[in-house]
Amino acid sequence: MVFSWRKKKPRNFNGDKKKELEIPRHFLCPITLDLMKDPVTLSSGITYDRESIEKWLDDGNFTCPVSNQVLRSFDQIPNHSLRKMIQDWCVENRSYGVERIPTPRIPVSSAEVSEVLFSIMDSTRRLDQCACLDSLHKLKKWGLESERNKRCMVANAAAAGAIAAAFDAFAGESVDKNINVLEEILFVINWMFPLTEQAQRYIGSQASLHCIALFLKSEDLSLKQNAITVLAELLSCNQKYTQALTTIDGINKTLFHFINKPICPSITKPSLTLIYDMVSLSNENTTTEFINMGLIPLLLEIMIDSQKAICEKALALIDQLCETEQGRGFAYDDALAMPVLVKKILRVSELATEYSVSAIWKLSKGDEKALMEALQFGAFQKLLLLIQVGCNDKTKEKATELLKLLNPYRPGLECIDSLDFKNIKRSF
């Protein structure tokens with residue numbers, strides 16, 4: 001077997017033009033052939049850079065990459081002597097642009113993580129904000145030091161539940177009083193996805209949801225992102241918490257504001273997902289409120305020049321809103337609806353095409369005006385092409401039905417699908 005790492009050439013540092021600095025072979029990781037930053041030795045006696053060998057082992061390999069022998073253990077012993085030699089070599093060759101590698105931090109152990117989690121559970125029981133903050137700062141520090149530390153924390157079965165329980169307890173006592181510890185918990189729990197069932201119960205409590213909704217209104221962008229990410233993760237894990245979210249006063253206006261006045265994609269995308277989940281509940285009051293806010297024209301507007309992920313989510317939401325008579329009525333009255341929906345067929349992604357066809361199908365059934373408009377913007381040609389290139393059965397069925405509905409209106413109508421979309425928009 002030939003390993004891809006054997007094909008790479010060692011990297012060299014260039015000094016002046018007359019001389020090329022070559023890295024000593026034993027300073028290079030056998031896997032990446034890069035200068036080792038944290039050399040560790042396996043039971044086979046071969047030394048590797050910690051990050052490289054951890055990736056090798058995480059991928060399910062049980063052998064030493066160089067010797068190919070089965071490893072007796074996966075212990076990685078830090079090679080301090082070699083690391084010191086590498087650092088000294090870096091210092092000696094500073095004139096060639098070589099930077100000294102920093103002394104690596106010792107990775108956190110599962111026992112250390114368990115000890116801190118026990119401390120969090122104890123301070124939660126006593127509602128001791130200071131003690132809980134100290135423990136959270138340790139977790140945060142470890143997680144920011146390396147991905148390995150994050151994996152070690154997430155691997156602890158009790159981690160997500162203990163941290164979520166702390167959030168529920170401190171939020172239930174007082175958000176204002178415990179705001180510092182609640183913000184730290186929200187930061188750390190973003191590393192714990194997917195949430196365990198126990199963690200979902202605590203994050204999905206009324207006290208927790210009200211606290212998260214309050215954080216969505218914060219001026220702190222990072223806090224907003226952490227809050228909405230946790231909320232989107234909770235609903236993706238279990239839809240039963242969607243109903244609880246709809247009962248929170250002002251949440252609809254907050255989510256609509258994130259779309260109407262976009263801050264960043266990391267907030268816009270989960271906002272669209274959350275609104276979709278809430279509308280999909282068939283909650284008439286929630287759906288009506290979003291429609292009356294002007295959600296449909298707003299979605300049509302942002303879809304014109306949005307990135308793929310946002311366009312897909314916006315189309316999914318338009319399609320869902322068109323399930324209702326009120327939603328279809330607002331879409332009928334918007335001059336951009338049909339040209340935008342037709343334009344997105346075969347333009348964004350297979351998923352976007354599916355939502356576009358479904359929305360056009362809902363708008364056009366039994367409505368002659370909508371059929372004529374769809375035909376004007378090239379829907380017939382797009383749908384024919386879609387069936388030819390292939391699509392899923394559900395989309396194909398709707399596309400075929402639309403073609404049958406459109407066909408009688410074809411004679412004498414001019415197709416303007418070839419026009420530039422900006423020109424189409426200006427024509428309204």
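**Asking how we know**

Visitor: Which residues bring α7 and α10 together in this model?
Guide: In α7, the residues E183, L186, F187 and I189 meet L223, N226, A227 and V230 of α10. Please keep in mind that this is a predicted model.

Visitor: Why are α7 and α10 called oblique to each other?
Guide: The axes of α7 (residues 179–189) and α10 (residues 221–237) cross at roughly 60 degrees. Roughly parallel needs an angle under 35 degrees, and roughly perpendicular runs from 65 to 115. The pair fits neither class, and α7 and α10 are therefore oblique. Their axes come within 9 Å, and α7 passes α10 in a left-handed crossing.

Visitor: What makes α9 and α10 oblique?
Guide: Here the axes cross at roughly 140 degrees, while roughly antiparallel would take an angle over 145. α9 and α10 therefore count as oblique. The axes of α9 (residues 206–215) and α10 come within 8 Å, and the crossing is left-handed. The contact is made by L209, I212 and F215 of α9, with L223, K224, A227, V230, L231 and L234 on the α10 side.

Visitor: How many disulfides does a search of the whole structure find?
Guide: The search finds zero. Take C322: the nearest cysteine sulfur, that of C311, is 15 Å away, whereas a disulfide needs two cysteine sulfur atoms within 2.5 Å. C322 is therefore in no disulfide.

Visitor: Why is the sulfur of C391 not bonded to the closest cysteine sulfur?
Guide: That closest sulfur belongs to C311 and lies 18 Å from the sulfur of C391, which is too far for a bond.

Visitor: Is C322 buried or exposed, and how do you know?
Guide: C322 has a relative accessible area of 1%. Buried means under 20%, so C322 is buried.

Visitor: And what makes C391 partly exposed?
Guide: Its relative accessibility is 22%. Partly exposed covers values between the 20% limit for buried and the 50% limit for exposed, so C391 counts as partly exposed.

Visitor: Which residues of helix α1 are buried?
Guide: In α1 (residues 50–58) they are R50, S52, I53, E54, W56 and L57. The elements covering them include β3 (39–41), β4 (47–49), β5 (77–78) and α5 (147–155). After α1 comes G60, with a positive phi near 95 degrees.

Visitor: Where do the domains lie along the chain?
Guide: The domain assignment gives domain 1 (25–96), domain 2 (106–249) and domain 3 (335–427). The C-alpha centres of domain 2 and domain 3 are 46 Å apart.

Key
Residues are numbered from 1 along each chain as its sequence is written. This is a predicted model: local features need pLDDT of at least 70, side-chain atom pairs count only at pLDDT 80 or more; totals for chains, interfaces and linings use all residues. Side-chain values use heavy atoms; hydrogens and water are left out. Buried means under 20% relative accessible area, exposed over 50%, partly exposed in between (1.4 Å probe, protein chains only). Domain bounds come from an automatic or database domain assignment. Helices (H or I, at least four residues) and strands (E, at least two) are DSSP runs, numbered from the N terminus. Contact means heavy atoms within 4.5 Å. Axes are lines fitted to C-alpha atoms, for helices over the stretch in contact, and angles run from 0 to 180 degrees between N-to-C directions. A crossing is left-handed if the near helix is turned anticlockwise from the far one by less than a right angle, and right-handed if clockwise.
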